[in-house]
Amino acid sequence: MLIADDKMPPDLLYVGGEWRPGRGAEITSIFPADRSLNRVLHGASREDVLEAIDRAEAAQRDPTWRSLKAHERATCLYRIAQGIADNADRIAHIQSRDTGKTLKETKALALSAAGTFRYFAAVLETAEDAMTPARGDYLSISAHEPIGVVAAITPWNSPIASDAQKVAPALAAGNAVLLKPASWSPLVSLELARIVEASGLPKGLLSVLPGSGGVVGDLLVGHPAVGKVSFTGGTEVGRGIARKAADKMMPVSLELGGKSATIVFADADLDVAIAGVLFGIFSSSGQSCIAGSRLLVERAIYDRFVARLVAATGRLVVGHPFDPATQVAPLIHDDHRDSVADYVRIGLEEGATVLTGGAAPRGDVYDQGIYYAPTILAGVSNAARICREEIFGPVLVVMPFDDEAEAIAVANDNDFGLACGIWTRDLLRARRVGGAVKAGTVWVNTYKQFSIATPFGGVKDSGLGREKGRDGLRAYMSQKSWYFDTSERPHPWAASVLGGGA
């Protein structure tokens, strides 16, 4: 089933609360299942971005939004949440057309985005500032206020969910938001703008500015009016943003790459572990920053476990994203599939053996689209490039280990530190190993489970800061301390020089 052209967002950008043609370079969105055209969109130009920033500053200074009581701002966020939920099927179709993800996944992402707006509306309504313990004759308060104008730069792999994780808390905090979606998947972010506009959010508080990183991204990061950047994407781009932010003394949130290890111990429930490993690496066609792309299996069960895993991988359904039976959908772009294939080639040059997959599937349906078979490689050490660099595709590397110490050492022997999966019936062992692995999230006997109420982020080259959770609201606010004197007396330091008189 193809989405009708009249249901695709038009060739318009949302600039400062107004829909208008972009003045930047063309962006072409294709359907990865058959390479058919979704939309040719004109992206944002430098002039579009500067106008959006000016309007954001004006809207954020206007007390209409930032001075609203918390429950009043929350009411608008609740309306956005309901609008997303009401349009979940439409959003799912647009995102599947734009990214190639299955409709089942994109529907879940849309509902997740609705839940994110709903959650931060509730957090906003219940957030409390603190009256701090006084150490003198004064009343002291720790309060929070909006940063002002913030930029949100989101990736192409899960746009609606990533958009919500930044836009919802930033708006809740009272800011204006400049959203830059990735050029490979801009359409669903523009659909979000339509829903936000219908909620009654004051004009200027949200702009959606697809375009190149060199034009839109650099301008947002470097502009003096932008008080914070929240970025999800590649590590090297994140480093560049951090350097520019340092020059401005500007806070950033960076959710970057991963090369996450999953560790299977001999006492694990093998059915549970195999299902979890498959989901961790091959769902979303491996296009996930937290994909469990390095699998460490205890040597005592290595041969048996890997044999079952390979057999199960061969039974995964690779197919059209609109087919309800599909488990592994196409990759987003030919260039990206070429990159994944190059990594497999590199692995073979390093001595890896292909246990399954290792190429694009063939046939009429597959030849029309951008597919790559779920792939398992073995026979290399953790020093291989395929074990150290993020492939961002359906490629798993399997390695044996002998004991806890080795598993921990191999898991930590990587520049990234985003996530880890542990499979064992011994929960004390899981606690020991998970505590020793340097990662922002540890899953035990499960993988890729998320809650908007639980903070998410990485360590090492996987990023700085956290999203989600109650503190996700404060990440878009500036803390201010207040002191109110209660003594009604002149300060003793100067009392002796005041003299008398009226």
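**Helix H7, the H3–H5 pair and two individual residues**

In this predicted model, the buried residues of helix H7 are Leu187, Val188, Ser189, Leu190, Glu191, Leu192, Ala193, Ile195 and Val196. These make up nine of the 12 residues of H7, a helix that is thus mostly covered. H7 runs over residues 187-198, and the distance from its first C-alpha to its last is 17 Å, close to the 16 Å expected at 1.5 Å a residue. Just after H7 comes Gly200, with a positive phi of about 95°.

Attention turns next to a pair of helices, H3 and H5. Helix H3 spans residues 70-86, and helix H5 spans residues 103-126. Their axes come within 8 Å and cross at roughly 170°. With angles over 145 degrees counted as roughly antiparallel, H3 and H5 are therefore roughly antiparallel to each other. On the H3 side, the contact is made by Ala70, His71, Arg73, Ala74, Leu77, Tyr78, Ile80, Ala81, Ile84 and Ala85. These residues meet Ala110, Leu111, Ala113, Ala114, Phe117, Arg118, Phe120, Ala121, Ala122, Leu124 and Glu125 of H5. By residue class, the contact of H3 with H5 holds 17 nonpolar residues, one polar residue and three charged residues.

The loop that leads into H5 offers a closer view of a single residue. Thr102 sits in this loop, between helix H4 (88-99) and helix H5. Since buried means under 20% relative accessible area, Thr102 counts as buried because its relative accessibility is 10%. Beyond its neighbours within four places in sequence, Thr102 is in contact with Ser96, Pro321, Thr326 and Ala329.

A second residue worth visiting is Tyr138, which belongs to strand S6 (residues 138-146). Tyr138 has a relative accessible area of 26%, so this residue is partly exposed, whereas Thr102 is buried. Apart from neighbours within four places in sequence, the contacts of Tyr138 are with Tyr483, Phe484, Asp485 and Thr486. The side chain of Tyr138 also reaches the backbone nitrogen of Arg135, at 3.1 Å. On another scale, Tyr138 and Val354 lie 216 residues apart along the chain, and a distance of 70 Å separates their C-alpha atoms.

Definitions and conventions. Residues are numbered from 1 along each chain as its sequence is written. This is a predicted model: local features need pLDDT of at least 70, side-chain atom pairs count only at pLDDT 80 or more; totals for chains, interfaces and linings use all residues. Side-chain values use heavy atoms; hydrogens and water are left out. Helices (H or I, at least four residues) and strands (E, at least two) are DSSP runs, numbered from the N terminus. Buried means under 20% relative accessible area, exposed over 50%, partly exposed in between (1.4 Å probe, protein chains only). Contact means heavy atoms within 4.5 Å. Axes are lines fitted to C-alpha atoms, for helices over the stretch in contact, and angles run from 0 to 180 degrees between N-to-C directions. Angles under 35 degrees count as roughly parallel, over 145 as roughly antiparallel, 65 to 115 as roughly perpendicular and the rest as oblique. Ala, Val, Leu, Ile, Met, Phe, Trp, Tyr, Cys and Pro count as nonpolar, Asp, Glu, Lys and Arg as charged, and the others, Gly among them, as polar. The expected span of a helix is 1.5 Å times one less than its number of residues. A polar contact is a pair of N or O atoms within 3.5 Å; within protein, one must be able to donate a hydrogen and the other to accept it, and residues adjacent in sequence count only if both atoms are side-chain atoms.
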